[in-house]
Amino acid sequence: MNNSNLSGSKQRCSGNDKKSIEIYLFIDPLCPECWALEPILKKLQIEYGRYFALKHVISGRLANLNLSKKKNYENIAQIWEKTASRSGMSCDGNLWLENPVDTPYTASIALKAAELQGRRAGLRFLRRIQEVLFLEKQNISNLEVLKDCASSSGLDVEEFMIDIHSESAAKAFQCDLKITAEMDVNEIPTLVFFNENSEDEGIKITGSYPYEVYVQILEEMLSEKPVVSPPPSLETFMKFFKFVASKEIAVVYNMSISQIELEMKKLLLKQVVEQIPAKYGTFWRYIDD
């Protein structure tokens, strides 16, 4: 965790959001540690989302890996399994032994293509390709898989398939790589916090930390004491997020996994959700009317 001279690249690619704090989240769609950060990000956005804007930046770190060697695949599989068992966010390392992602940068370009349809569309697509990759063991460098992800994320599929081969998506990805280099981001996930109302440098956090660390940084950067927003009802939470892990719900609601699963089984009986077993833990899908 460190303060860095990060303001130059922020100026070039920042959005127009009026919130006083801007957080740059450097990720890669193939990164299990980024997937493991999802529960903390959900909690942060629910409790303090009105104070900050979150911008995802694709780092391209994993796209540069030499994934051609079988031994490398075995190492990646082991990392996935360890991350899943430690974090509670299931990811199945067998993907790398059965159906490896042969061209990792394709998923990054696809994500930038999805973002051309709007920030929310990009976030829905990112979540979907993570689910398909980590839980369903599908190769997200395959264009048909990406097309299905675009469809299930509510994107205009025809536009997406044109954009994935466009100069606009390629340029957007290059912009992300430039920000990554200029902000000296060498590991993922990395979060960089900026205060739009201050000349102070950004605060960079590399890796994963307990939730309280992120809250402390927000408190230090704001001129006021932030007020915590309570989480919505479980049913409202499920209706909004659609598909989540028990771990994600447990972190947001400050409850144990066993407590959450008891509560979710009540929604299961009401036919509000369905239970989806995973290699590690359980996921829940909201049943649309």
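Two strands are said to pair if DSSP finds at least two bridges between them, and the strands themselves, like the helices, are DSSP runs numbered from the N terminus (helices being H or I of at least four residues, strands E of at least two). The model on your screen is predicted, so local features need pLDDT of at least 70 and side-chain atom pairs count only at pLDDT 80 or more, while totals for chains, interfaces and linings use all residues. Residues are numbered from 1 along each chain as its sequence is written, and side-chain values use heavy atoms, with hydrogens and water left out.

**The whole chain**

Begin with the whole chain in view, where there are 14 helices and 8 strands. Of its 289 residues, 52% count as buried, a word that here means under 20% relative accessible area, with exposed meaning over 50% and partly exposed lying in between (1.4 Å probe, protein chains only). The chain exposes about 14,000 Å², of which carbon and sulfur atoms supply 49%; accessible areas come from the Shrake-Rupley method with a 1.4 Å probe, and for residues only the protein chains shown count as cover. Among contacts (heavy atoms within 4.5 Å) between residues at least 6 apart in sequence, 71% join residues at least 24 apart.

**Strands β4, β5 and β2**

Select residues 190-195 next, which make up strand β4, a mostly covered strand in which 6 of the 6 residues are buried. In a regular strand the side chains alternate between the two faces of the sheet. In β4, T190, V192 and F194 point one way, while L191, F193 and N195 point the other way. Adding residues 202-206 brings in strand β5, which pairs with β4 in the antiparallel sense over 4 bridges; the two strands form a hairpin with 6 residues between them. To find one of the bridges, pick T190, whose partner in β5 is T206.

β4 also pairs with β2 in the antiparallel sense, over 6 bridges, and here I23 has F193 of β4 as its bridge partner. Stay on strand β2 (residues 21-27) and select F26 within it. F26 has a relative accessible area of 0% and is therefore buried. Leaving aside neighbours within four places in sequence, F26 is in contact with a set of residues that includes C34, V57, I179, M183 and, in addition, T190 and V192. One of these, V57, is 31 residues from F26 in sequence, yet the two are 4.7 Å apart in space, C-alpha to C-alpha.

**Helix α3 and the enclosed cavity**

Move on to α3 (38-48), a mostly covered helix with 10 of its 11 residues buried, among them E38, L41, K42, K43 and Y48. Rolling a probe the size of a water molecule over the atoms shows where empty space is left. On a 1 Å grid over the protein atoms alone, a cavity is a set of points where a 1.4 Å probe fits but cannot get out, a pocket is an open set with protein on both sides within 12 Å along at least five of seven lines, and lining residues have an atom within 4 Å of a point. Grid points are joined across faces, edges and corners, and a volume is the space filled by probe spheres set on the points.

How many cavities of 30 Å³ or more does this rule give? The count comes to 1, and about 40 Å³ of space lies in the largest cavity. To show its lining, select L25, I27, C34, E38, L41, H56, L126 and Q130; β2, α3 and α7 are the elements that give two or more residues to it.

**The largest pocket**

The largest pocket has a volume of about 1,400 Å³. Of the 43 residues that line this pocket, the closest to its centre are R119, R120, L123, R124 and R127. The largest share of the lining, 9 residues, comes from α7. By class the lining divides into 16 nonpolar, 9 polar and 18 charged residues, where Ala, Val, Leu, Ile, Met, Phe, Trp, Tyr, Cys and Pro count as nonpolar, Asp, Glu, Lys and Arg as charged, and the others, Gly among them, as polar.

**Helix α6 and a loop**

Another element of the pocket lining is α6 (105-115). Because 9 of its 11 residues are buried, α6 is largely enclosed by the rest of the structure, and its buried residues pack against β3, α7, α8, α9 and α10.

Finish at S153, in the loop between α8 and α9. S153 counts as buried because its relative accessibility is 5%, and, not counting residues up to four places away in sequence, S153 touches R124, F125 and R128.
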